[in-house]
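Work through the exercises below with the sequence and the model open side by side. Each task is followed by a solution that goes step by step.

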Amino acid sequence: MDSAINPTDLAARVARLRQAIRYHQYRYYILDDPEISDPEFDALWRELVELEAAHPELRSDDSPTVRVGGFVAEKFEKVRHPAPMLSLANAFGPDDLHAWRERVKRFLPADLHDQLSYVVEPKFDGLTVVLHYEQGRFVLGATRGDGDFGENITANLRTVRVLPLQVPAAAEAGPAPARLVMRGEGYVEKGDFARFNARQTEQGERAYANPRNFAAGSLRQLDSAVSAGRPLKLWVYQALIVEGGPELTHHSQALDYLRDLGLPVCPDRRVFADADFATLADYVEAFGRRRDDLPYEVDGCVIKVDSLALQQQLGFTGKDPRWALAYKYAGEEAITTLLDIVINVGRTGAITPNAVLEPVQVSGVTVKSATLHNEDYIRDLDIRIGDKVVIKRAGEVIPKVLRPLLDARDGSEREWTMPPACPVCGQPLMRPPGEAATYCINTACPEQLVRAVEYFVGRGAMDIEGFGIKQAELFVARGYIKDLADIYHLPWDEIRQLEGYGDKRVDNLRAGVEASKQQPIHRLLTALGIRFVGSVVAETLAQRYASLFDLMEAGVEKLSEIEGIGPKIAESVRTWFAVEPNRALIRKFADAGVQVAEERVVTLAAPKPLAGMTLVVTGTLPTFSRDDAHAFIKQHGGKVAGSVSSKTTYLVAGEAAGSKLAKATELGIPVLSEDDLKRLV
Ligand SMILES: [Zn+2]
């Protein structure tokens, strides 16, 4: 193709396409203000991909099409940083903030004080990186490492879509600087992080303890294809070297310049004159109060002297620059002593180590315990009993141990290892190869039974009102419940005699238990707590099998044929139903009158509700992520397309739907909400 075009024209066309794509990606990712529709963008993209495929001599690493290198590194190469990476002095309250300002002034001649102003930026909680551009091309990216040397993670950073591979993105920004070195922070938005972890958990994969670990884990993958699948973002927050660019005198000016080049610079930043320092302090506090509303995780603010000349004059104390301060929000984090580590047994038998802490106040609440996630978490962070540890409590979530203070050790600290036996039933614990969790695999373990009952009666499962952990503990302890089906054989007359269980309460509880017998079988299937079988998988299975007795006999192969059921899930379902006590449990449910089979008009080739339809999803949906929505559509027989065309059957639109919605309206294509979509199937 294109053989008629002469090579120079072709190269020029490719260059123009690349420039246009970079520009539109900048409008889309950085400014969040696209100028062209998705189909128009797709057309540019396709043309470039095709030209590059047909003319290998025109390929270039800096093409926006080349994000994933496709080779797996054995280990990371070491990179020396152009300047040592800084650590920052910490402040934990307004007093520290004012003290820092006084210190800054003490180190500067009085006649320079009127030049003082400050920049306040969020302190991002992610992985610090150093980025190198030469002649506008992204050539090297490294981790912070030990401060002097980092690891070369260029291939992984290339997969971060907000990071331009070539700057400037828009011609108005002027020519590319000859050399540009910056610091930045790789991070994940809270929503993306929660969705990612939920999926990992559902699939039995390792979840990350916090967004910072996620960012680090994603950017330090030896296979950049793994990084490419992660919803990573990046902020650039400091220019280290700018050669062949404008004369920069202030940090804030440098940030504006980087933003204009098309680099992702966080818009949440403000400059304050020294005279307005009280306002600055208020702003820092106010920012702390609204940080829960930000899409990204922030653990404080960074305050810097804006003038680069004054920065230089102020210099360093040891490794800390005198001109910058990290303001940590008090209340969220606290330091206390780790007195002991105990383990809890969950419903699947999973063992969670918990920290027993010397009680400490964190944002107005006394915290005595915190989660330590799993054995690896403790080992990776080298947390020892007796350590001073930093704990964090954010919102309503369980407090967690962030890290030990290694400097505070006196040698009396003890390493912890996972005990060999379950603390409740005494049976040996087991850690399956390749998994982070350790399990008590004794199905008769009473603690597991309590947790299993709690899960069974809970929301999303059998949903029995008035039945919770208290009832589960009581009924298991009194021997009323020995397996899940005993919930349907409770001795109600005896329960009436128990303290706190009046007639009315017992009648309500009993009515709830009775009503739950009519729950659809996917609810029962969820309630059983089979590994990897969450509500979505349960619905998928129940769609294919209207009777649990049929499902019980299904082999791995048959199960794997179902769309949305991978081999791991199939294996888990098969294994569960192969155990005789579990099969007996299903029979016992059936005998008690619990619905284990649904009457359905089943034809083997039952058409799926969305068969033959093509759907496009756009905007932010209330509960589905983009991937969830796509999976849901495919599961029900529909096709998913990336852009709206005359072939589109429906557009599923959420909040902030942009050009696709406009296009659908223009073409007269019906628009559905997430609820409409669910109703449709
Ligand atoms: Zn046990």
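**Exercise 1.** Describe how helix α12 (residues 446-457) and helix α13 (residues 469-477) cross in this predicted model, and state which residues bring them into contact.

*Solution.* Begin with the geometry: the axes of α12 and α13 come within 8 Å and cross at roughly 140°. Next, classify the angle: values over 145 degrees count as roughly antiparallel, 65 to 115 as roughly perpendicular, and those under 35 as roughly parallel, with the rest taken as oblique. The two helices α12 and α13 are therefore oblique to each other, and their crossing is right-handed. Then list the partners: on the α12 side the contact involves Pro-446, Leu-449, Val-450, Arg-451, Val-453 and Glu-454, and these meet Ile-469, Ala-472, Glu-473 and Val-476 of α13. Sorted by class, the α12 and α13 contact holds seven nonpolar and three charged residues, with no polar ones.

**Exercise 2.** Place domain 4 (446-516) among the domains of the chain, and characterise how domain 4 meets domain 5 (521-591).

*Solution.* Start from the division of the chain, which runs through domain 1 (7-58), domain 2 (89-328), domain 3 (333-408), domain 4 (446-516), domain 5 (521-591) and domain 6 (614-680). For the pair in question, the C-alpha centres of domain 4 and domain 5 are 24 Å apart. In the contact itself, twelve residues of domain 4 touch nine residues of domain 5. Finally, the area buried between domain 4 and domain 5 amounts to about 960 Å², and carbon and sulfur atoms give 67% of it.

**Exercise 3.** Compile the packing of α1 (residues 7-30) with α2 (residues 38-54), and then that of α3 (residues 94-106) with α9 (residues 277-290).

*Solution.* For the α1 and α2 pair, the angle is about 145° and the axes lie 10 Å apart, while the crossing is left-handed. Residues of α1 in this contact include Leu-10, Val-14, Leu-17, Ile-21 and Tyr-28, and among those of α2 are Phe-41, Leu-44, Trp-45, Leu-48 and Leu-51. Counted by class, the α1 and α2 contact has eleven nonpolar, two polar and five charged residues.

For the α3 and α9 pair, the angle is about 145° with the axes 11 Å apart, and the crossing is right-handed. Pro-94, Leu-97, His-98, Trp-100 and Arg-101 of α3 make this contact with Phe-277, Leu-280, Ala-281 and Glu-285 of α9. The class count for α3 with α9 is six nonpolar, one polar and two charged residues.

**Exercise 4.** Which peptide bond is cis, and which residue has a positive phi although it is not a glycine?

*Solution.* Recall that most peptide bonds are trans, and that most residues other than glycine have a negative phi. The bond from Val-167 to Pro-168 is cis, with omega near 0°, and Pro-168 sits in the loop between α4 (154-157) and β7 (179-188). The positive phi, of about 50°, belongs to Gln-135, which is found in the loop linking β4 (127-134) and β5 (137-143).

Notes:
Residues are numbered from 1 along each chain as its sequence is written. This is a predicted model: local features need pLDDT of at least 70, side-chain atom pairs count only at pLDDT 80 or more; totals for chains, interfaces and linings use all residues. Side-chain values use heavy atoms; hydrogens and water are left out. Axes are lines fitted to C-alpha atoms, for helices over the stretch in contact, and angles run from 0 to 180 degrees between N-to-C directions. Helices (H or I, at least four residues) and strands (E, at least two) are DSSP runs, numbered from the N terminus. A crossing is left-handed if the near helix is turned anticlockwise from the far one by less than a right angle, and right-handed if clockwise. Contact means heavy atoms within 4.5 Å. Ala, Val, Leu, Ile, Met, Phe, Trp, Tyr, Cys and Pro count as nonpolar, Asp, Glu, Lys and Arg as charged, and the others, Gly among them, as polar. Domain bounds come from an automatic or database domain assignment. Buried area is the accessible area (1.4 Å probe) that two parts lose on being put together, summed over both.
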